[in-house]
Amino acid sequence: MKKYINVLCVLILALMLGDLILGFFFTSSKNIEYINLDTLSLGSLLGLLALIFVILGAAVMTFVYFIRFILNVNRNQIFTPKNVSLLRKYGTCAILIGVSITIFTVAVVTEKSFADALIDGIDALVEGCFALLMAEVFKIGIDLQEGKNAA
């Protein structure tokens, strides 16, 4: 059972990394017009730089939280408050990535509408919402387990 879980987790990590690489380095073949960064003020440039750091920091933290969650599962520590916390942090970081990518796309790419920009970040938003859902399921599992142990 642990081997199966580990294989699935490695597959999820590989897909997350692949999605990151495809999103950053392989864009569509259409000609996309970007904002000329020379026309932006220093404040706008610093804001975009901060947004990029938020995206990169949140991406690193999602990997860290996910790996820590998997290590806990491998230690047979599944329904614990620590895992609920890790899943909530993971979900929050994934949602932050999705929102930040959408804002960055709207700010930098001129020919995309908000709906097109949302498509760029929708996978991270869905992943984050799913992680938050799993955290709540784990929390309910912990409450049920405590109720069973008390009875």
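Here is a short friendly exchange about the fold and one pocket of this predicted model.

Me: What makes this chain α-α-α-α from the N terminus on?
Reply: The protein chain has four helices and zero strands. Helices are DSSP runs of H or I with at least four residues, strands are E runs of at least two, and both are numbered from the N terminus. Residues are numbered from 1 along each chain as its sequence is written. Totals for chains and linings use all residues, whereas local features need pLDDT of at least 70.

Me: Why is the second largest pocket called a pocket and not a cavity?
Reply: On a 1 Å grid over the protein atoms alone, a cavity is a set of points where a 1.4 Å probe fits but cannot get out, whereas a pocket is an open set with protein on both sides within 12 Å along at least five of seven lines. The volume of this pocket is about 440 Å³, taken as the space filled by probe spheres set on grid points joined across faces, edges and corners.

Me: Which residues are closest to its centre?
Reply: Ile12, Phe66, Phe69, Phe130 and Met134, out of 16 lining residues, where lining means an atom within 4 Å of a point. Helix H4 (114-150) is one of the elements giving two or more residues, and H4 gives the most, with five.

Me: How do you know the lining's classes?
Reply: Ala, Val, Leu, Ile, Met, Phe, Trp, Tyr, Cys and Pro count as nonpolar, Asp, Glu, Lys and Arg as charged, and the others, Gly among them, as polar. The lining therefore has 15 nonpolar, no polar and one charged residues.

Definitions and conventions. Predicted model: local features only at pLDDT ≥ 70, side-chain atom pairs only at ≥ 80, totals over all residues. Heavy atoms only, no water.
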